[in-house]
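Colleague: I've got this one open on my screen and would like to go through the helix packing with you. Can you walk me through it?

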Amino acid sequence: MDFQTGPVREASRSGDYGRVIELVRIERRMTQTALGQALGLSQSAVSRLEKKGQGAYSTDTLAAAAAHLEIPPASVGLADSRPSEPRNDGEDVNRRRFIGGAVAAAVAPTLAVLPETADASGGQAAALRLSTTAYRRLDGTTPSRDLSEAVQSHMRLIQSITRAATGDGDRGRLAAVGSEAASFAGWLAWDKGDNGSARSWYGAAVKAARSAGNPLLGAYQAGSLAQFEAHAGNSVEALNLTRRARRSLGDSLPAVADAWLFSVEALAHAVAGDRRSADMALTMARAGAESVPEEAPPWPWVFTFTPTKVSAAKVACGARLGLADWVLSEDIEALSTGHEKQRALLVLDIAAGHLAAGRVDAAFALASQAVRTGLRYRSGRIVERARAVRRSLTTSSPPKMVREFDERLHGVYL
């Protein structure tokens, strides 16, 4: 979003910071209720904030809203207090301490405002959710191995606060926060290549969502576990989980959730070698994604599901089925999605498509590119996917590029 021109810039220059928040919230497709839940405010309080005009604002509230909506602090009249990147002067930098400090700096401004607008447990839930969001933002630029310890400490804090909570409402809010954090811990373990821990964390996320009494959150976490199981090759379990997610919501299944679950089912069918069922599920996913209403997603902790993401799903399915036409017809669009680690996984799927088409050099040129990303971020998932691509080429006399690829992977243990 452009903060230097247009209505946002005009509102900022006039001192109407509530209008800035409103414009960005709408652009992010977030409802006032969703923003209020993240900040520990009621929907009516968010409405009053956005209509405040050029009046006096609480700096704590502005800082909290700016952090959640990713608004530059200067656009809401605040100094930019983001932590500077650590310098690399040859000294041993304690990355975990820096990560913890960065997250603390990102969410600390919210702590002063929350007790004024919510009870103690409600305020704690909102602050803990913001911390999880901050860690998620670091995922695209930070090795999962550096984030994992901090996120697990965050999980222990959530569990401790939940145990001390009084009242079903407080425990439900905190259980929902714990579910979101556990799901992210599962994602990090998966990226490290630790599938056993990933499965445990995702299972914990499903259980916590049930404790929260939030069927939509439960369906999302079941779908996330299904996605993991599909990538791990467990197609039957993945399909069972997606069906369970649909049953849990019944007629209240949102269109965006329906489309996303179809994409997960497509991958599960592809892993099982069922091209026809995968094709049908992808068709349903694309139709659903193209008809999703222009409104905030029903779960504010997830980005919207778009046709571009269906293209990425088709690339993944084509790679598993060995269908070059599925992969190579979608690669340009699919590569525009996600952060660098996610793109590396897509590159490996595209490499598999080239390999299926007999383009060995092109395949391993792309695979080598992805491996460089995997080694830079120490991603076990990327490296293992690269090894799977290599295993799909069976020849007694590999060409030079493949031999060089083998040398790069030889001795890599993450």
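**Helix pairs and cores**

Modeller: Sure. In this predicted model, the axes of helix α1 (residues 6–14) and helix α2 (residues 17–27) come within 7 Å and cross at roughly 160°.

Colleague: Why are α1 and α2 called roughly antiparallel?

Modeller: Angles over 145 degrees count as roughly antiparallel. The crossing is at roughly 160°, so α1 and α2 fall in that class. Their crossing is left-handed.

Colleague: Which residues of α1 and α2 meet?

Modeller: From α1 you have Pro7, Val8, Ala11 and Ser12, and they meet Tyr17, Arg19, Val20, Leu23 and Val24 of α2. By class, that contact has seven nonpolar residues, one polar and one charged.

Colleague: What makes α3 and α4 roughly perpendicular?

Modeller: The range for that word is 65 to 115 degrees. The axes of α3 (residues 32–39) and α4 (residues 43–50) cross at roughly 100° and come within 8 Å, so this pair counts as roughly perpendicular. Gln32, Thr33, Leu35 and Gly36 in α3 meet Gln43, Val46, Ser47 and Glu50 in α4. Here the split is two nonpolar, five polar and one charged.

Colleague: And the largest nonpolar core: which residues touch the most other members?

Modeller: Tyr135, Leu282, Phe305 and Cys317, out of 61 residues in that core. Helix α14 (residues 255–271) gives the largest share, eleven residues. There is also a second, separate core of 26 residues, with Leu23, Leu39, Leu62 and Ile71 among them.

Colleague: What makes Leu23 worth a second look on my screen?

Modeller: Leu23 belongs to that second core and is also one of the α2 residues that meet α1.

Notes: Residues are numbered from 1 along each chain as its sequence is written. This is a predicted model: local features need pLDDT of at least 70, side-chain atom pairs count only at pLDDT 80 or more; totals for chains, interfaces and linings use all residues. Side-chain values use heavy atoms; hydrogens and water are left out. A nonpolar core is a set of buried Ala, Val, Leu, Ile, Met, Phe, Trp, Tyr and Cys residues joined through side-chain atoms within 4.5 Å. Buried means under 20% relative accessible area, exposed over 50%, partly exposed in between (1.4 Å probe, protein chains only). Helices (H or I, at least four residues) and strands (E, at least two) are DSSP runs, numbered from the N terminus. Axes are lines fitted to C-alpha atoms, for helices over the stretch in contact, and angles run from 0 to 180 degrees between N-to-C directions. Angles under 35 degrees count as roughly parallel, over 145 as roughly antiparallel, 65 to 115 as roughly perpendicular and the rest as oblique. A crossing is left-handed if the near helix is turned anticlockwise from the far one by less than a right angle, and right-handed if clockwise. Contact means heavy atoms within 4.5 Å. Ala, Val, Leu, Ile, Met, Phe, Trp, Tyr, Cys and Pro count as nonpolar, Asp, Glu, Lys and Arg as charged, and the others, Gly among them, as polar.
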